[in-house]
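Q: I have a model open and would like to learn how to read its features one by one. Could we go through them together?

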Amino acid sequence: MAAGGLVGWAVPAAGPGLAHAVNPVLGALLYVTFLQVPAAELLRSLRDGRFLSATLVVNFIVVPGVVAATFVVLPTGQALRIGVLLVLLTPCVDYVIVFSGLAGGSNRRLLAATPLLLVAQMLLLPVFLYLFLGSDLAGVVEIGPFVEAFLVLVVIPLALAWATQGWAARAPAGRTVAAAASSTMVPLMAATLLVVVASQVPKVRGHLGDVAAVIPCYAAFPVVMAFAGWAVARVFRLDVPAARAVVFSGATRNSLVVLPLALALPDRLALAAAVVVTQTLVEVLGMVVYVRLVPRLVPERTGTPPPVVV
C-alpha cells in the first residue's frame, strides 16, 4: 500500500496504465482463491440458506438503512452524493473473500454468494438511486460494466480454477501446477493492493479538498457495519466462520466495479469518480484492521479449534 501510494504520487502519469492492470490482477487473485475450494464444496454451500439470507439482509436491508442515516449529513453536492451512493450500496465480490479468509471467515460460503450478490446489486442499484436521488439521476447506471466485471472477476477465474482442479485430480503435473498457484496468494494480494492504490491516487490528489468531507463517513461505515453484521449473524444463528464472513461482506464495498460507472458520468458529476476512489483507499486500511479485530468481535467458541487459513 505504501509503495503504491508513492508510485501514484510520484508518477501520476502511470495511473491510467496501472488502472488497466487492476482487473487482471484481481482476476488472478480470485482464481487462486477459487482454487482453494473444491467445486463440490462450492456447489453444496449454495444450499446454505441461512448464510445466504443473512448476507442478503446485511447488504440490501441493513446497509441501505445505514447509508440513509449517513446521507442526511453529507454535503449537498450531487456528484459527491452520487459517488457515495454508488460505492456504499454495492457489496464487494472480490478481495473481501481474501480478507475474510485471513480472519478465519468462511471463504467457501462467500464464494458461493458472489454471483448472487453481483446480480442482486445490478438489479437493486438503480432502485436505490431512484429512492435516494429521484428519477433524474437513477438512469446513470449502465449494466455493461457489471457484466464485464462478472465475467472477468467471477466466471473466468472460477472456470479456470475448476479446470485446474480437474487436471490435478487426474495427473501429477496438474497437482504440481495447483500447488504452485496456491502458493501465490499472498504475493497476489500484495500486488493487488499496490496496483489499486497506485492507479487511483492520481485521481484523488486533485480533489483532496472536495472529497475530504466524505472521509469521516467512509471511516465510520466499517465501524457501524462490524456491529450490524455481528447482530445479523446472531439473529440467523450462524457458526463462527460464517458470522465473520457476514461481517466482512457487510463492511466491504464494490468500489473497483462501480468506478467505471462513476467515470462514465457527465462532466458535471466528474467528482463522483474521486469520491469512489477515496472509499477504496479508506476501505483497504479498514480491512487490514478488520483482519485483526473481527476474530475478537466474533471469537471462537470454547472447545472449538482455531480456524486454519491456507
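Q: Where does A219 sit, and how accessible is A219?
A: This is a predicted model, so keep in mind that we are reading computed coordinates. A219 belongs to helix α13. Its relative accessible area is 40%, and since buried means under 20% and exposed over 50%, A219 counts as partly exposed. You can also use A219 as one end of a distance check: its C-alpha atom is separated by 26 Å from that of S53, 166 residues apart along the chain.

Q: What is the C-alpha separation of Y95 and L26?
A: The C-alpha atoms of Y95 and L26 are separated by 7.6 Å, with their positions 69 residues apart along the chain. Y95 is found in the loop between α5 and α6. Y95 has a relative accessible area of 2%, so Y95 is buried.

Q: How many residues of helix α5 are buried?
A: Helix α5 covers residues 78-88, and 10 of its 11 residues are buried, so the helix is largely enclosed by the rest of the structure. Among the buried ones are R81, G83 and L88.

Q: How do I read a salt bridge, and how many does the structure hold?
A: Side chains of opposite charge can pair when their charged atoms come close. Here there are 3 salt bridges. In one of them, R109 meets D48 at 2.7 Å, N to O. R109 lies in helix α7 and D48 in the loop between α3 and α4, so this pair ties together parts that are 61 residues apart in sequence. Both partners are buried.

Q: Which other residue forms a salt bridge with R109?
A: That is D239, with the closest N and O atoms 3.1 Å apart. D239 is in the loop between α13 and α14, so its pairing with R109 of helix α7 connects parts 130 residues apart in sequence. R109 is buried at 13% relative accessibility, whereas D239 is partly exposed at 30%. Together, D48, R109 and D239 are linked in a network of salt bridges.

Q: Which residue does R244 pair with?
A: The side chain of R244 meets that of E300 in a salt bridge, 3.9 Å from N to O. This pair links distant parts of the chain, R244 in helix α14 and E300 in the segment after α16, 56 residues apart. R244 is buried, with a relative accessible area of 3%, while E300 is partly exposed at 28%.

Q: What lines the largest cavity, and how much space lies in it?
A: About 60 Å³ of space lies in the largest cavity. Its lining includes L88, Y218, F221, Q279 and E283. The elements that give two or more residues to this lining are α13 and α16, and α16 gives the most, with 4 residues. By type, the lining divides into 7 nonpolar, 1 polar and 1 charged.

Q: Which residues make the nonpolar surface patch?
A: The patch of about 500 Å² is made by I143, V147, L151, V155, I156 and L160. For the general idea, an α-helix has 3.6 residues a turn, so residues three or four places apart point the same way. L151 has its place in helix α9, residues 144-170, and at 41% relative accessibility L151 counts as partly exposed.

Q: What backbone angle does R237 have?
A: R237 has a positive phi of about 55° although it is not a glycine. You will find R237 in the loop between α13 and α14, where R237 is exposed, with a relative accessible area of 63%.

Definitions and conventions. Residues numbered from 1 in each chain as written. Predicted model: local features only at pLDDT ≥ 70, side-chain atom pairs only at ≥ 80, totals over all residues. Heavy atoms only, no water. Patch = residues over 30% accessible without salt bridge, like charges linked within 9 Å, V, L, I, M, F, W, Y side chains within 5 Å. Areas by Shrake-Rupley, 256 points an atom, 1.4 Å probe, with all protein chains shown as cover. Salt bridge = Lys/Arg side-chain N within 4 Å of Asp/Glu carboxyl O. Buried < 20%, exposed > 50% of the residue type's maximum accessible area, 1.4 Å probe, protein only. 1 Å grid on protein atoms, 1.4 Å probe; cavity = no way out; pocket = protein on both sides within 12 Å on 5 of 7 lines; lining within 4 Å. Points joined across faces, edges and corners; volume = space filled by probe spheres on them. Nonpolar A, V, L, I, M, F, W, Y, C, P; charged D, E, K, R; others polar.
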